[in-house]
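Q: I have a structure open in front of me and would like to learn how to read its features one at a time. Could we begin with a contact between two side chains and work outwards from there?

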Amino acid sequence: MRLLALRGENLTSLAAPFALDFDAPPLAGAGLLAIAGPTGAGKTTLLDALCLALFDRMPRLERVEADSGTDGLAAGDVRAVLRHGAAAGFAEVDFVGQDARAYRARWEVARARGRADGRLQPQRMRLTALADGAVLGGTRTETLAEIRRLVGLDFDQFRRAVLLAQGEFDNFLRARAPERAALLERITGTEIYSALSIAAFERGRAERAEIEALRQQSAAIETLPADARAAAVVAEAQAQGALAAARTLADALARDQDWHTSDATLAGEQAQAQAQA
């Protein structure tokens, strides 16, 4: 995932519309960026807007007790981010997904009848492809699922990896080793190495099992004692000698047979010739 732009309006301390284009100067060539300003300037609100547009959640509310807050909302309700006295607000993020395509995720909330004293309505989310304007997902749940698929991180992973500067580095350190490994693989795109490691382990286990089976087969074969083996070797040598002698005798007898056969043939031809004479 790569961020392209962040926009919003009427979110806590940020009343006027704001827009940050990370893909255009001066931010595109800035390299390392810093969010600085006095307390209440809206530094955390920028990160809240980022998380709202992508996950409908805010890191600052994760540890808030679930009691009743202002406006009849629970203290952990993300709609409380709407600036006091505003009738509507939104957060919007343009990003490049894991499929290398650009998308726009938008979170918005409004009060009834567009009035600042109206009742807060349920928040809405929308995900569109920037190339053709196609809408992905329908309900808020479906939209969140599509964003999760395209970003490749859930909210907790995103919070630990992207928002570490917001004092969440200890969450990453406290995470279990498998969780940290999965997070780092998703961030660095090295899932293939885990797959290769698993495949190599399975291949090794299969090869070891085959070797063990061959060992068991060889152990089941009975072998001769040393003295019996020596006697068998001597007997084999004697048999080889006898075989060679028999082959020599067979060759001599074959030659004798050929001579007698030829002799009988010639005798017959001689008798025939004498009769004709």
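A: Let us begin with one pair: the side chains of Arg7 and Asp94 are joined by a polar contact of 2.6 Å. Please keep in mind throughout that this is a predicted model, and that such distances are computed from its atoms.

Q: With which other side chain does Arg7 make a polar contact?

A: The side chain of Glu92 is also a partner, in a polar contact of 2.7 Å with the side chain of Arg7. If we leave aside the neighbours within four places in sequence, the residues in contact with Arg7 are Phe18, Ala19, Phe90, Ala91, Glu92, Asp94 and Arg104.

Q: Is Arg7 buried or exposed?

A: The idea is to compare the relative accessible area with a cut-off, and a residue counts as buried when the value is under 20%. Arg7 has a relative accessible area of 19%, so it is buried. Arg7 belongs to strand β1, which covers residues 2-9.

Q: How do β1 and β3 pair?

A: The pairing of β1 and β3 is antiparallel and runs over 7 bridges. Within this pairing, Leu3 stands opposite Phe95 in β3. On β3 and β4, the sense is again antiparallel, over 9 bridges, and here Tyr103 in β4 is the bridge partner of Phe95. The hairpin of β3 and β4 has 5 residues between the strands, and in it Ala100 takes a positive phi near 70°.

Q: In what order do the strands of the sheet stand?

A: To read a sheet, one follows the strands from one edge to the other. Here the order is β2-β1-β3-β4-β5-β6, in an open sheet of 6 strands with antiparallel pairing. The strands at the edges are β2 (18-21) and β6 (135-136); each has a single partner strand, so one side of each is left without a neighbour in the sheet.

Q: Why is β3 described as largely enclosed by the rest of the structure?

A: The reasoning rests on a count of buried residues: in β3, 8 of the 9 residues are buried, so the strand is largely enclosed by the rest of the structure. For the whole chain, buried residues make up 26% of the 277 residues.

Q: Which residues of the largest nonpolar core touch the most other members?

A: They are Leu54, Phe95, Trp107 and Leu127, out of the 37 residues in this core. Two or more residues of the core come from each of α1, β3 (88-96), β4 (102-110), β5 (124-129), α2 (140-151) and α3, and α1 gives the largest share, with 8 residues. Taking Leu127 as a case, and leaving aside neighbours within four places in sequence, we find among its contacts Phe95, Tyr103, Ala134, Val135, Ile147 and Leu150.

Q: How many aromatic pairs are there, and how should I read one?

A: A pair of aromatic rings is described by the distance of the centres and the angle of the planes. A search of the whole structure finds 3 aromatic pairs. For Phe55 and Phe155, the ring centres are 5.8 Å apart and the planes stand at 65°, so this pair is edge-to-face, given that an angle over 60 degrees counts as such. The pair links distant parts of the chain, since Phe55 is in helix α1 (residues 43-55) and Phe155 is in helix α3 (residues 155-162), 100 residues apart. Phe55 and Phe155 are both buried, and together with Phe158 they form one aromatic cluster.

Q: What lies over the face of Phe90?

A: Here the partner of the ring is Arg106, which lies over the face of Phe90 at 4.1 Å from the ring centre.

Q: How far apart are Asp156 and Pro59, in sequence and in space?

A: Asp156 and Pro59 are 97 residues apart in sequence, and 9.0 Å apart in space, from C-alpha to C-alpha. Asp156 is found in helix α3 and is partly exposed, with a relative accessible area of 30%.

Definitions and conventions
Residues numbered from 1 in each chain as written. Predicted model: local features only at pLDDT ≥ 70, side-chain atom pairs only at ≥ 80, totals over all residues. Heavy atoms only, no water. Phe/Tyr/Trp six-rings, centres within 6.5 Å; stacked < 30°, edge-to-face > 60°. Helix = DSSP H or I, 4+ residues; strand = E, 2+ residues; numbered from the N terminus. Buried < 20%, exposed > 50% of the residue type's maximum accessible area, 1.4 Å probe, protein only. Lys NZ or Arg CZ within 6 Å of the ring centre and 35° of its normal. Core = buried A, V, L, I, M, F, W, Y, C linked by side-chain atoms within 4.5 Å. Contact = heavy atoms within 4.5 Å. Polar contact = N/O pair within 3.5 Å; in protein donor to acceptor, adjacent residues only side chain to side chain. Pairing = 2+ DSSP bridges.
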